[in-house]
Amino acid sequence: MSGAQMLDLARVCERVAANASRLRKVTIVADWLRGLDDEDLARAALFLTGSAFPRHDPRRLSVGHATLRDAAIAVTGWDLETVRLCLREVGDTAEGISLLLVGHAACLPFSLAEAEEDFERLERARKTAEKRAILEERFRTAHPLATRYFLKVITGELRIGLQEKQVEEAIAAATGAPKQAVRNANNRAGDIARVALAARRGTLDAIEATLFHPMDFMLAKPLDSLDELTEPDAWILEDKFDGIRAQAHVEQGRVRIFSRGLEDVTEPFPELVEALERLPGSAVIDGEILGWQYERALPFVFFQQRLARKKVSEALVREVPVAFVAYDLLYRDGELLLDRPLEARRRALEALFAGREPPLLLAEQRTARDLDEIDAIFHEARGRANEGLVLKRRGSPYEPGRRSGLWRKLKRPFGTLDVVVTAAEQGHGRRATVLSDYTFAVREGDRFVNVGKAYSGLTDEEIRELSRIFRRIQIQRFGRVLVVEPRVVLEVAFDGVQKSARHKSGYALRFPRILRWRKDKTAEEIDTLDRVRELYEHSLRVLEEAAAPQG
Amino acid sequence: MEVRYGEDGIHLPAIDLWLDPDRDCDTAWFSHAHADHARGSHRQVLGTPETLAIHRLRHPEERCARREVPHGATVEHRGARLTAVPASHILGAAQLLVEHGGERLIYTGDIKLRPPLCGTETEIVPCDRLIVESTFGLPIFHLLGRDEARRRIVAFARGCLDEGEIPVFLGYALGRGQEIAHVLCAAGIPTMVHGSIGRLVPFYEAAGYAFPGLEPWDRERTAGRALVVVPGFRNVLAASGKGYRFAYVSGWAALANARARTGAEELIPWSDHADFDELVEIVERSGAAHVDVVHGYAEAFARILRQRGHDAFAPREAAARTVETEELP
């Protein structure tokens, strides 16, 4: 086989990973793309976005983690326990398997064209055993570094710090097409391979928006704390709903709904289809599907029953009603609206939704002048049993597939507490010689009672420094665990409080995460068990209100 | 020969000798001068002259008797013969061969098999029982050879300097730091070292490694130079906002997740520890009937050795030893 090799792609990707500058990443990719023939250019563009098929293509590889692992076991002869440990240490299945394959592979040529064929065969194979056989053959024959990127495309993530936006820029640089034209065409077509070819041939303008091909969703960047937010009045605030993100495509009575994973999820929501069918003209609407009853959102647990079925019974439709809360309009009557400012898209959406009734809803928008007002609106949103807020930058465009910070989400933590570490435990592997897992307590009178345990979210340097301190203030040792004097104060975030028999306090924090080491605080100044009780009761009230119909 | 593994070190009770102990004792063997091996207050310490000299510099307050055992030399200790066998790790590192009651035991300390950038090459001597480390004892760790490591270090430095940026190498205070500085200096690249690394350079010079043009750290004059600093110094530099680019030189750089952890762009998987294949080779060439695995992935590596037909085990406490190490990123 001739043509571009997966090993070339892999080497390009390794260099992209080793260069933090976006400009350099783009240059490295562009230099490679320029020399490829048309077919390989299309394949390379696609693979560089971590996809085996174009975005709108309904085909899915359906190759699970276990299938990949089992194929690696078959080729390398390592036992399951060893392979599991290795993959855990690497933290990336594709990279882990490729490292295990070193010394077990023949390192024969493996072209992009052959990779494309493999993807097609993997998709067609119905039985896991067939898929495994295809993988094993490739593991045995290809260079492990080539296999690494073959697998990264299968797992859907390259993890080299290359976003689709930079692939678009590289295509522009390699073909001489304007950046914006490449970007717009990709938004319209959702097929970077086709866009790359059109860019080279100068036919980008001929690419038209196609309805019923899902577009990537714009994503919100987490906002850990309001203090991080500058210009509090530059944002439009919407509740963050606890449902599933959905994109509705509508044209003359035809309706399809796509999920965040770009899967077609139309079937389980007949009442939404019925309502959307009545919208005039054509449109692509971004929004959220959620359980909806008595004019408010249902807790996700109820809504889940609807998601579980492909075909839903009429009884279930009555029992767990849903709503589509619309918050953005991406396309209207032949025109793509992505580059229009948020406010203009909203006006068009309001016009489209004028006079509509549940299950079609419009997300309410609010504005605030300062952080205190945002905080108050956040707590109102929590009071409505929603997750928190999404903050959308005034005047911002809609950026498919990006988490650029034009949208921010403020949800959990449910709360934060200052706690003191009472025990520290050794980590594993790389962290085997430091103390990286901490049990922590709150104050109850003059003693300390444990409320949770968390893996350190601190930096390596902080962990090393803390390890030294913990060894100094060690009281007692049980194997891997050091019981220490309660001196080190941490600020932890968590998603809730629950009753627990494990801790003497009677409570445990849910999903605690260490936010920072509070060197400025002493154990006397930490939060109390009373505060934990208060938070527990507060969370109960929220849940009860959410579950109960209102008057 | 009985070997006792406790949370505070390895003890040979028959001759009352502690190996790299984490407790105060009568007689201790220091395999090398890293702070997680050469520590504590003892009546008497045995080690190579290089190891003891570095220990003296770092712990002038320790009043112990320092008994030098040069590479290849043998001393008597409570009826046993103790021989220092060269280990490729850091300058002065040695394995210990203990001959007692007709049995030969090797304690590798920290070791690799490939030739080092500075220091001696490992010698493999046959033994009955082997105590081996397993810092990188999983089959995912494949590290660079010396020439390739040297090439990558120099290439990164030149690439950055050509673009007007400042290459910064993250290495440990003892061993890696001096090796990188030596490679850069030998290639004619103007190099500056961070204080804790520079302090130990004279030991390497005394052993015959040249550092032409090496300068001590000076914040005002970093332009046009390669820097070698300890990993903890990265944040200080990064915060200063100049055009620094970081390379992480470590066995842990074999995994891409090192990038996120260390903030380095370039990963150069060079270590003073053995990678997986070398560890297996060390075990096999030793001919040892019994293998004890300590440090790192001890339990997993012992299991792998058992699958290959060795009588291997990981003493629980040895595997769980809590130590402060300079080998960690």
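Colleague: What makes strand β5 (residues 44-47) of chain B and β6(B) a pair?

Modeller: DSSP has to find at least two bridges between two strands before they count as paired. Here β5(B) and β6(B) share 4 bridges, in the parallel sense, so they pass. Leu46(B), for one, stands opposite Arg67(B) in β6(B). Mind you, this is a predicted model: local features need pLDDT of at least 70, side-chain atom pairs count only at pLDDT 80 or more, and totals for chains, interfaces and linings use all residues. Residues are numbered from 1 along each chain as its sequence is written, while chains are lettered from A and ligands numbered from 1 in the order in which they are written.

Colleague: How do you know that helix α1 (residues 49-58) of chain B packs on the sheet?

Modeller: Contact means that two C-beta atoms, placed from the backbone, lie within 7 Å. Helix α1(B) touches β5 and β6 of chain B, and its direction makes about 155 degrees with that of β6(B). For that angle, lines are fitted to C-alpha atoms (for helices over the stretch in contact), and the N-to-C directions are compared on a scale from 0 to 180 degrees.

Colleague: Why are β1 (4-6) and β6 (65-68) of chain B called edge strands?

Modeller: The sheet is open, with 6 strands in the order β1-β2-β3-β4-β5-β6 (chain B) and mixed pairing. β1(B) and β6(B) each pair on one side only.

Colleague: How many helices and strands does chain B have, and what counts as one?

Modeller: Chain B has 10 helices and 19 strands. Both are DSSP runs, numbered from the N terminus: H or I over at least four residues for a helix, E over at least two for a strand.

Colleague: What makes chain B as compact as a globular protein of its length?

Modeller: Its radius of gyration, taken over C-alpha atoms, is set against the globule rule, 2.2 Å times the number of residues to the power 0.38. Chain B comes out at 20 Å, close to the 20 Å that the rule gives for 329 residues, so it earns the label.

Colleague: How much of chain B counts as buried, and what does that take?

Modeller: Some 55% of its 329 residues count. A buried residue has 20 or more other C-beta atoms (placed from the backbone) within 10 Å of its own; 12 or fewer means exposed, and in between is partly exposed.

Colleague: Where do the domains of chain B run?

Modeller: Domain 1 takes 4-140 + 273-319 and domain 2 takes 146-268; such bounds come from an automatic or database assignment. Their contact takes 15 residues from each of the two domains.
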